[in-house]
Amino acid sequence: MVDKTTTHFGFKDVPVAEKVTKVREVFDSVAPSYDIMNDLMSMGVHRLWKRFTVEIANVKPGHVVLDLAGGTGDLSALFAKRVGKTGKVVLADINEAMLRVGRDRMIDKGHISNIAYNLANAECLPYASNQFDRVCIGFGLRNVTDKEAALRSMFDVLKPGGRLLILEFSKPTNPLLDKIYDAYSFKLLPKIGELVAKDGDSYQYLAESIRMHPDQSTLKGMMEEAGFERCQVNNLTGGIVAVHTGYKL
């Protein structure tokens with residue numbers, strides 16, 4: 001019988017009620033250095049992953065897009081250019097510190113008229129049903145406690161014909177790459193976090209959270225169980241990252 005009173009926080013088991021607070025503490029800590037750490041950790045490749053995600057989203061002028069776990073707004077900025085003046089992007093995040101950084105960045109980039117900001121929990125989105133043409137969650141699903149509930153909530157707020165895109169770390173498809181990536185994640189990444197963000201523990205958690213996240217086929221099955229159809233997986237950088245897509249039909 002599955003114990004539903006606890007959940008994983010990295011490699012540790014914690015009470016379900018505590019995970020949101022613990023994840024919030026991690027992102028409160030890393031928010032000021034989040035962008036520079038992303039560049040250092042991925043050697044800038046995260047920008048290519050995000051551009052690919054936005055390209056295959058096929059967003060049109062006038063569309064309404066939910067950028068969930070939008071953080072510092074990289075995806076929102078790309079979507080805002082595509083939805084144009086007649087469309088709208090909602091940058092939503094459960095973490096107030098990240099949302100504040102994202103809002104400031106969007107204002108600095110001149111994205112003012114077509115971006116809104118919401119503090120929102122992916123498991124119970126505060127939006128009406130059938131509201132968004134696209135929902136995108138980038139590097140956020142692995143931090144959600146109840147991923148099945150989040151997928152159902154995303155399905156609900158999408159319009160019929162709308163599309164979900166999940167950009168997330170995944171399982172390398174090559175065993176040698178998997179070993180190299182493990183060594184990098186657990187030996188080098190926390191040290192970079194300690195030097196740059198003054199917080200090695202948070203980046204140790206982030207490395208562990210990647211390993212605890214469902215692999216490509218498992219996540220695809222979870223999406224189908226939530227009601228999504230025509231689900232596909234696009235492996236990037238040898239499966240280190242994957243973009244899962246599915247439609248609400």
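How do the residues of the lining of the largest cavity divide into nonpolar, polar and charged? That question opens this note on a predicted model, and point 1 takes it up.

1. The lining of the largest cavity divides into 13 nonpolar, seven polar and three charged residues. The cavity itself has a volume of about 310 Å³, and it is lined by 23 residues, among which Ala69, Asp93, Ile94, Gly140 and Asn143 lie nearest its centre. Helix α1 (16-30) and strand β6 (132-138) each supply at least two residues of this lining, and the largest share, four residues, comes from α1.

2. The count of cavities of 30 Å³ or more comes to two, and the second largest has a volume of about 120 Å³. Fifteen residues line this second largest cavity, and the closest to its centre are Tyr34, Lys50, Ala69, Gly70 and Gly138. By class, its lining has five nonpolar, six polar and four charged residues. For the reader who wishes to find the second largest cavity in the model, α2 (34-42), β3 (64-68) and α4 (74-83) each give at least two residues to its lining, with α2 giving the most, namely three residues. Ala69 is named among the residues nearest the centre of the largest cavity, and Ala69 is also named among those closest to the centre of the second largest cavity.

3. Turning to the sheet, seven strands form an open sheet with mixed pairing, in the order β5-β4-β3-β6-β7-β9-β8. The edge strands are β5 (115-119) and β8 (229-236), each of which pairs on one side only, and the twist from one strand to the next averages 15°.

4. Strand β6 stands between β3 and β7 in the order of the sheet. Six bridges join β6 to β7 (residues 158-169), and these two strands run parallel; across this pairing Val135 stands opposite Leu164 in β7, and Phe132 stands opposite Leu158 in β7. Towards β3, four bridges join β3 to β6, again with the two strands running parallel, and the bridge partner of Asp67 is Cys136 in β6. Seven of the seven residues of β6 are buried, so this strand is largely enclosed by the rest of the structure.

5. Two helices that pack on the sheet deserve a look beside these strands. Strand β7, which pairs with β6 through six bridges, serves as the reference for both angles given here. Helix α3 (residues 45-57) packs on the sheet and touches β6, β7, β8 and β9 (241-247), and the direction of α3 makes about 165° with that of β7. Helix α6 (residues 147-157) also packs on the sheet, where it touches β3, β6 and β7, and the direction of α6 makes about 145° with that of β7.

6. Helix α4, which contributes at least two residues to the lining of the second largest cavity, is mostly covered, with eight of its 10 residues buried. The buried residues of α4 are Asp74, Leu75, Ser76, Ala77, Leu78, Phe79, Ala80 and Val83. What covers them includes α3, β3, β4 (88-93), α5 (96-108), β5 and β6. After α4 comes Gly84, whose phi is positive, near 70°.

7. Is Thr72, in the loop between β3 and α4, buried or exposed? Thr72 has a relative accessibility of 3%, and because the cut-off for buried is under 20%, Thr72 counts as buried. Leaving aside residues up to four places away in sequence, Thr72 touches Tyr34, Asp35, Met98, Val101, Gly102, Arg105 and Met106. One of these contacts, Tyr34, is also among the residues closest to the centre of the second largest cavity.

8. Lys22 is found in helix α1, the helix that gives the largest share to the lining of the largest cavity. With a relative accessible area of 27%, Lys22 is partly exposed, because that class lies between the 20% and 50% cut-offs. Lys22 and Val64 are 42 residues apart in sequence, and their C-alpha atoms are 31 Å apart in space.

Technical notes. Residues numbered from 1 in each chain as written. Predicted model: local features only at pLDDT ≥ 70, side-chain atom pairs only at ≥ 80, totals over all residues. Heavy atoms only, no water. 1 Å grid on protein atoms, 1.4 Å probe; cavity = no way out; pocket = protein on both sides within 12 Å on 5 of 7 lines; lining within 4 Å. Points joined across faces, edges and corners; volume = space filled by probe spheres on them. Nonpolar A, V, L, I, M, F, W, Y, C, P; charged D, E, K, R; others polar. Pairing = 2+ DSSP bridges. Axes fitted to C-alpha atoms, helices over the stretch in contact; angles between N-to-C directions. Contact = heavy atoms within 4.5 Å. Buried < 20%, exposed > 50% of the residue type's maximum accessible area, 1.4 Å probe, protein only.
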